[in-house]
Structure formats: structure tokens, C-alpha cells
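Biologist: Could you take a close look at one helix pair for me, and walk me through how the two pack? I'd like the geometry, then the residues in the contact, then how far to trust it.

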Amino acid sequence: MSNQPKYIELRPKTFNPDQILIYLDKVDRLFADTEIEYNNIKNQVQEVFDFVVSEKMDNEKISVSLAKVKASNDERYRKVKADLSASHKLYLYYKIQSKLAHSYCENLKQQSINNLATEKLTRG
């Protein structure tokens with residue numbers, strides 16, 4: 001079994017437009033899905049913070065500034081912040097994968113063009 005990431009193992013080895021489209025579609029979908037998830041969690045962070053601040057103010061009858069301090073130490077807020085961090089890492093990973101996949105496929109295309117040109121030159 002290989003130690004390479006799955007996207008490297010699955011990449012096309014030769015320039016075949018159909019295989020390349022399927023490969024890039026899969027890589028780009030993973031990137032888009034993680035971007036959507038990252039943005040959803042990013043929105044949740046502020047929503048959770050606002051909710052906890054409001055809850056602290058109502059339940060403890062404290063000022064907004066004190067409620068914000070307490071909210072930033074609340075377990076619910078810390079969990080969603082940790083989720084955001086993990087989601088951001090995954091988003092960046094798939095973003096890089098997508099860029100590398102496109103670059104790799106562009107190189108395959110260029111190699112194919114070079115091989116065809118070399119064949120024409122050596123035959124004729």
C-alpha cells in the first residue's frame with residue numbers, strides 16, 4: 001500500500017481528457033464541499049457567541065462586556081471555535097489539492113503536446 005495521498009494515487013497517468021475531467025471534477029467537488037462546510041461553521045461561531053452572550057446576560061444579569069468575557073470561555077463557544085479550526089485546515093488542504101491537481105493535469109497536457117510534436121518531427 002502506498003503512503004501517497006489518495007488524490008495522487010487516483011490521478012491520471014496519461015493525458016486522456018475524459019479521465020482528466022472525471023479526476024478534476026472529483027477533486028474540485030471535495031474542495032467546494034469543504035469550502036461550504038467551512039463557511040457554515042464560520043457563521044455558526046458568531047451565532048453561538050451571540051447566543052451565549054445573550055444567555056449569560058439574561059441568566060446572570062450581568063453587563064454585555066462581562067457576558068462576552070464569560071462567553072469566550074464557554075464550552076459551547078470553544079467547541080465551535082475548535083470545529084472552525086479543524087474545518088479551516090481541511091478547507092486549505094483541499095484547496096491546495098485542487099490547485100496541484102489542475103497544475104498536474106496541465107503538465108500532462110503539455111507533455112502530450114510535446115510527445116506529438118516530437119513524433120511528427122522524427123517521422124517526417
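Modeller: Sure, let's take helix α2 (residues 17-60) and helix α3 (residues 64-72), whose axes come within 8 Å and cross at roughly 120°. Keep in mind that this is a predicted model. An angle over 145 would count as roughly antiparallel, and 65 to 115 as roughly perpendicular; α2 and α3 are therefore oblique to each other. As for handedness, α2 passes α3 in a right-handed crossing.

Now the residues. On the α2 side, the contact is made by Phe 49, Val 52, Val 53, Lys 56, Met 57 and Glu 60. Facing them from α3 are Val 64, Ala 67, Lys 68, Lys 70, Ala 71 and Ser 72. Sorted by class, that contact has seven nonpolar residues, four charged and one polar.

Two of the charged ones deserve a zoom. Lys 56 and Glu 60, both in the α2 part of the contact, join their side chains in a salt bridge, with 3.9 Å from N to O. That value sits within the 4 Å cut-off for a salt bridge. Glu 60 and Lys 56 are four residues apart in helix α2, so about one helical turn separates them. The structure holds nine salt bridges.

And the trust part: α2 has the highest confidence in the protein, at a mean pLDDT of 96, while helix α1 (residues 6-9) has the lowest, at 78. Across the protein the pLDDT averages 92, and 98% of the residues score at least 70.

Definitions and conventions:
Residues numbered from 1 in each chain as written. Predicted model: local features only at pLDDT ≥ 70, side-chain atom pairs only at ≥ 80, totals over all residues. Heavy atoms only, no water. Axes fitted to C-alpha atoms, helices over the stretch in contact; angles between N-to-C directions. Parallel < 35°, antiparallel > 145°, perpendicular 65-115°, else oblique. Left-handed = near helix turned anticlockwise from the far one by under 90°. Contact = heavy atoms within 4.5 Å. Nonpolar A, V, L, I, M, F, W, Y, C, P; charged D, E, K, R; others polar. pLDDT = per-residue confidence, 0-100.
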